[in-house]
Every structure is written in structure tokens, then in C-alpha cells.
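User: Please take one part of this structure and go through it closely. I would also like to know how the rest of the structure is held together, with cut-offs given for the terms used.

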Amino acid sequence: MTMSAGWYLRRLSRMGPREVGGRLADAARRRRWRSVRPDCPGVTGARFTAVLPAGAIAAVPPDAAKRLVAEADRLMDGHAVFFGVDRDDLADPDWWHDPKTGRRAPWGYAFDVPYRNEDAVGDIKQIWELSRHQYLTVLAGAYALTGDERYAERVAAHLRSWWAGNAPLRGVHWTSGIELGIRLLSWVWIRRLLDGWPGAAGLFEDNPVALNQIWHHQRWLAAFPSRGSSANNHVVAEAAGQFAAACAFGWFPSSARWRADALRSLERHLRGNTFGSGLNRELATEYHGLVLELGLAAVAEADAAGVPVPASVRLTLLRMTDALAAVVDDRLRPPRQGDADDGHGLVVDGAGTDRWASLLATGDAVFGRLAWWPAVTGTDVRTPLLAALVRPYAKDATAPAVDRPADRPAHFADAGMTILRGPAGIWCRCDGGPHGFLSIAAHAHADALSVEVRQDGVDVLADPGTFCYHGQPAWRRYFRSTLAHNTLQLDGGDQSVSGGPFLWTRHARSRVLVADTSGAADGGTARWCAEHDGYRPSTHRRQVELTAAGQELRVVDEVRGPRRAVRLAFHLGPTITAELEGNRAVLTWTRDGEDRSAALDLPGQLDWREHRGESGPPLGWYSPGFGRKEPATTLVGSGFADGTAEFTTVLRFHG
């Protein structure tokens with residue numbers, strides 16, 4: 001995908017004067033850097049002191065250690081899966097090769113590489129992911145747990161290969177700040193986990209090649225921060241990686257300045273990316289997880305190095321953790337809202353470790369759990385390692401006193417998210433919030449007033465997910481469209497107007513009118529109502545009621561305005577089987593060996609059709625993770641609304 005002149009004009013229209021000035025300065029700096037490439041200043045007497053405290057490795061639960069070592073052994077055999085693509089070349093990887101398309105990214109000055117153009121480069125996510133070096137933190141963790149030097153030697157061989165093949169400012173791995181930031185964080189943890197290996201110092205602080213790479217990474221991040229309308233999770237990753245490296249690898253003349261600047265940026269953007277309620281402003285749940293991981297990792301480096309951090313940093317992370325505990329369902333699954341690309345801040349766990357349980361376990365260790373938090377039964381490696389470094393909130397004399405929620409929050413007014421809970425594990429997310437973050441809302445979907453319904457963690461009415469970013473524009477458009485969500489579409493268009501794969505030029509405005517979340521949990525009825533203006537001059541208003549006694553969810557859609565074509569979509573989870581007859585669908589599925597069912601009574605004014613696994617155009621899909629999609633049933637009702645029209649849908653759970 002190459003960006004057209006029209007895209008650049010649309011993108012420019014979403015910037016303010018300060019951002020335009022900053023980007024012009026960035027462009028001038030890139031031109032200068034093409035011909036002026038300074039050498040890393042000389043470093044003598046460097047030592048790595050940010051080691052794990054005694055007992056940290058011994059505190060790792062045995063089953064979590066077993067999963068990590070099993071994952072490391074698969075990596076040692078050369079096997080890994082990235083975004084649905086099986087790779088068997090990890091014994092000696094080609095850092096610029098995309099196994100999905102078979103293409104290889106071109107060599108050259110980094111800022112000349114057209115990384116958005118899949119025809120020229122390949123799938124950039126496939127190429128970048130390996131070079132985040134998070135699989136190397138897994139191998140380093142296996143060394144720390146077992147003392148087996150094979151893991152350390154493989155890590156060293158791959159780092160030396162990467163450093164030799166990716167000279168500063170050459171090629172695709174020097175084009176994006178988030179990649180450099182996460183890579184630096186990985187290098188810090190690799191060095192920490194290899195500390196007992198005799199070759200660790202020779203790989204890092206006594207290695208001029210490593211020092212040169214670390215210095216150039218930090219110089220790049222100091223020069224080219226994400227700014228303005230792009231200051232989302234990317235800038236947090238850049239600041240966290242820069243800060244971590246400047247704390248743990250503080251061996252350079254500029255280290256103190258880089259550390260101070262990165263900490264200021266981290267504090268500012270953690271606050272800026274987070275609502276007062278604790279939810280992430282991008283309204284894309286996986287980025288809530290990414291930012292929380294990055295923030296916790298940064299605080300760990302600060303505490304390990306004895307660097308004070310502003311109280312607001314820990315307070316923001318505390319609120320994010322409480323918010324996560326509040327919104328997950330009975331199986332600790334959070335909402336599937338907005339974009340998701342399987343991005344992690346720090347990986348030291350094997351396959352089968354629950355990301356969200358891990359974050360809540362770390363939150364418990366650092367901040368302390370509240371009485372209403374859900375129970376966390378799984379184990380992980382990351383929690384005891386971070387907990388060994390991070391000073392507990394209750395023991396931090398600089399931490400401000402904070403009133404944490406006495407009861408489980410269900411309505412997050414600033415984020416427009418409301419969670420309705422009922423008996424038998426019924427969980428319903430209602431969306432009446434802003435259309436994403438900042439002027440471009442890069443990771444938003446056109447999902448105003450959508451609902452997401454589960455029972456015991458099973459997607460019944462599902463958010464289909466994301467699937468892809470670059471290279472497949474038709475699929476990118478579909479998964480972020482209004483039709484791809486459990487909401488109502490008018491005249492075949494989206495509620496918000498897209499200007500590109502990470503750009504919205506007009507944002508639907510939603511407002512919540514009613515959010516009474518107490519009823520269903522107490523045997524009564526919980527209610528939510530909201531409306532949006534994305535289809536001006538028409539207005540779409542939706543009311544949702546969850547009644548405990550009948551395990552019934554009632555959705556009433558009201559359209560006011562001139563005659564418009566209507567499509568109402570309900571996307572079923574991939575494990576749900578549907579039998580549609582007229583305007584009634586019988587839904588069946590199995591959970592833990594038990595047969596479950598529900599009836600979905602659909603508005604009779606609309607003509608209902610079942611869609612599954614269609615590609616021309618896309619409809620009837622579910623993406624369980626980035627790069628992966630599978631057929632799932634979507635029910636679409638078509639008709640018209642004229643004046644004021646109401647469409648009532650009722651979902652009844654059986655048993």
C-alpha cells in the first residue's frame with residue numbers, strides 16, 4: 001500500500017501548526033542525517049548493575065517456568081508463529097525477509113524505505129516483529145531459569161547477526177520509533193536475564209558493536225519522537241524504551257539527558273493516553289494492555305536504577321490496572337474493542353500464559369488487589385520478575401493517597417464504555433464513547449453504539465476484531481467498518497469517514513443518555529441508552545436492557561430522520577452455530593463440555609440473511625488474532641427507516 005497525494009493532504013488536514021512545524025524539522029533532520037553519521041562516543045569502564053535481586057528467579061512458579069522453557073526449546077529448533085504464519089527459519093533468520101509474501105525489504109537509507117508498500121517491502125509487521133527481539137527475551141529467560149548455556153549462546157549469535165546486518169540508519173528496522181523503543185527494552189531484559197552467563201559483558205558493555213547500536217537507537221529516539229496527532233501508544237513505547245536503556249545502559253555522555261527527557265515524555269503521554277477512569281484513550285483494548293506493560297516495565301527500570309519517577313506515573317498505572325480488573329469478563333477476557341495487533345511491551349513467558357491474568361497478577365503484586373477484583377488463578381514468569389524490581393505502591397513514600405473504587409465500576413463516563421453483567425456469566429459491553437484518540441483516531445473502528453455479548457467468556461455477539469493493517473486494503477476497510485460491528489448502518493456507509501488505514505477525517509459523536517448498571521446483578525434490569533450523529537441529518541439511538549430474571553437482553557434501535565436504507569448486523573462468535581428461520585435464530589454452542597443455547601428474535605421489519613466466510617465483499621469473519629481470520633456467522637437485516645423507526649432485537653439465554 002502506497003500513500004497517494006490525496007492521503008497526504010487528508011493527513012495534513014488533521015495536523016495543527018505546531019505539529020506541521022515539528023514534522024518539517026524532522027524532514028530537514030533526516031536529510032542532514034543522510035550524509036552525517038557520527039560515531040558512538042568512546043565508553044570505558046561500563047558495567048551493568050541493573051540486575052535482578054537475589055531470589056527473583058527462584059520465585060517463578062514451576063508451571064510458568066515449564067511453559068517458558070518449552071517455548072524456548074521450540075525457538076531453539078527454529079520454530080515460531082508470528083501473526084498466523086508458521087516459521088521454521090529461526091535457527092538462522094533473515095532479518096529482512098517476509099515469510100508471508102516471500103519478499104525481502106530493500107537495502108538503503110532508512111528514511112527512503114517505502115515500508116507501507118507491501119509490493120516493494122513485504123508485510124512490514126512480519127518483518128518488524130522478529131526484530132523486536134522478544135523471542136530472544138524468552139531464550140534469555142530460559143537461560144536464567146535453567147543455566148543451560150545453549151540458550152545464551154543462541155541469543156548472542158542472533159544479536160551479533162542482527163547488529164552486523166542492520167547498521168544504524170540502514171534499512172527497514174530504522175524507520176519506526178516504536179520498533180526501536182521496544183527493541184531497546186528487550187535488550188535491557190536480555191542483558192539482565194543473561195547476567196549469570198560468562199559471556200554477557202562481552203556481548204553488551206564490552207562490545208563496541210553493541211555500544212554503537214545502543215547509542216544510535218537512543219540518538220534516533222531523541223531526535224524523532226512521535227508527535228501531535230500520532231502521539232498515541234507509539235510515543236509511550238518510544239519513551240519507555242529510551243528511558244529503560246538510559247537507566248540500565250547509562251554509559252554515554254548523553255545518558256542523563258536522554259533519561260530525563262524520556263521520563264518527562266513518559267509521564268506526559270501516559271497521562272495523555274489515559275482517561276481519568278483508567279481506560280486507554282485509544283479505546284482499543286489491546287493498546288491498553290501494551291501501554292500498561294510498557295509503563296510497568298519503565299517503572300521497574302527506574303526503581304532498579306534508583307531514579308525517582310513522578311507520582312502521577314504510578315497513579316496512572318494504578319488506575320489502568322483497576323480499570324482492567326473492572327472490565328474483564330468471568331474468564332478474564334477484556335473487550336475486543338478497536339484495533340489489536342498482538343503487540344506486547346515485554347515478553348518473558350511461554351505459550352499458554354494468559355496476558356490479562358498476568359497483568360492483573362502484576363497489578364496485585366505492585367498495587368494490591370481490591371476486594372471486588374476477579375480471582376486470578378494462572379501463573380506467569382513476568383510478575384515475579386517485575387515485582388522483584390518495582391517498589392510496591394503501599395511502600396512508596398512518594399505515592400499520593402488515592403481513593404480506589406470501593407465497588408466494581410461498570411460505567412466509564414469519560415470513555416463511554418458501559419459493562420452490563422447478569423447471572424450465568426452474562427457480560428455485555430455497550431459503546432457510547434468518543435471515536436478514538438486525537439484528530440486521526442488511528443486505531444478506532446466505526447463502531448458507535450455497538451454491543452459485545454458473552455456468556456462465561458464465550459463470544460455470542462462478537463466484535464470481529466482487526467485481522468490486518470497494511471497490504472490488504474479491502475480487509476482493513478471491512479474489519480474497521482460499521483457493517484463489521486454489532487450496530488446499525490445507514491445507506492451503506494460508515495458512521496465515521498475514513499481517510500486511510502489509520503486515519504479518520506470525520507468522527508461520529510456519541511453521547512450516553514442512560515447508564516443504570518446495578519439492576520441485573522441484583523435480580524432486576526440494567527439499562528443503557530446512547531445516540532450518535534454519524535449519519536446526519538438522521539440520528540441513531542440505541543437502548544439496551546439486560547433483565548436478570550429471564551436472562552434476556554433487549555436491544556431497541558431507533559432511527560429518526562429522512563428515509564434511509566438500513567442494515568442491522570449481528571456477528572456471532574466463531575463457536576456459535578445458528579439456525580435462521582425468518583426473523584428468529586436459534587444459537588447453540590458448547591462450553592466446558594456443556595451444551596448451551598439461546599434464541600435471537602430479530603426485527604420483523606427487516607429482511608434477514610445469514611452470511612459466513614464471504615470475500616466479495618468481505619462479510620462473516622472473526623479474527624482471533626492479528627493476521628488470522630476464520631469464518632463466523634453474521635446475520636444482517638436489510639430494510640428502510642422513514643421518519644421515526646424502531647427495530648427491536650431480543651436475545652434470550654436458555655438454562
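Analyst: The account below begins with helix α6 and then turns to the cores, one buried acid and some salt bridges.

This is a predicted model, in which local features need pLDDT of at least 70 and side-chain atom pairs count only at pLDDT 80 or more, while totals for chains, interfaces and linings use all residues. Residues are numbered from 1 along each chain as its sequence is written, and side-chain values use heavy atoms, leaving out hydrogens and water.

Helix α6 covers residues 134-146, 13 residues in total. Helices here are DSSP runs of H or I with at least four residues, strands are runs of E with at least two, and both are numbered from the N terminus. From first C-alpha to last, α6 reaches 19 Å, close to the 18 Å expected at 1.5 Å a residue (1.5 Å times one less than the number of residues). Because 10 of its 13 residues are buried, α6 is largely enclosed by the rest of the structure. Buried means under 20% relative accessible area, exposed over 50% and partly exposed in between, with a 1.4 Å probe and protein chains only. The buried residues of α6 include Gln 134, Tyr 135, Leu 139 and Tyr 143. Among the elements that cover them are α3 (62-76), α5 (124-130), α7 (149-165) and α8 (177-193). Just after the helix, Gly 147 has a positive phi of about 75°.

Leu 194 touches two residues of this stretch, Ala 140 and Tyr 143, as well as Ala 152, Val 155, Ala 200 and Leu 203, leaving out residues up to four places away in sequence (contact: heavy atoms within 4.5 Å). Leu 194 is also one of the residues with the most contacts inside the largest nonpolar core, along with Trp 187, Trp 189 and Phe 249. That core has 146 residues; a nonpolar core is a set of buried Ala, Val, Leu, Ile, Met, Phe, Trp, Tyr and Cys residues joined through side-chain atoms within 4.5 Å. A second, separate core of 41 residues includes Leu 449, Leu 490, Trp 528 and Leu 602.

Asp 339 sits in the loop between α14 (311-327) and α15 (355-367). Asp 339 is buried, with a relative accessible area of 0%. Its side chain makes polar contacts with those of His 443 at 2.9 Å and Arg 476 at 2.8 Å. A polar contact is a pair of N or O atoms within 3.5 Å; within protein, one must be able to donate a hydrogen and the other to accept it, and residues adjacent in sequence count only if both atoms are side-chain atoms. Beyond four places in sequence, the residues touching Asp 339 include Glu 286, Tyr 287, His 445 and Phe 502.

The whole structure has 50 salt bridges (a side-chain nitrogen of Lys or Arg within 4 Å of a carboxyl oxygen of Asp or Glu). In one of them, Arg 150 pairs with Asp 148, with the closest N and O atoms 3.1 Å apart. Arg 150 is partly exposed at 41% relative accessibility, and Asp 148 is partly exposed at 25%. Arg 652 and Asp 601 form another, with a closest N to O distance of 2.6 Å. Arg 652 lies in strand β23 (residues 633-653) and Asp 601 in strand β17 (residues 594-601), so this pair ties together parts that are 51 residues apart in sequence.
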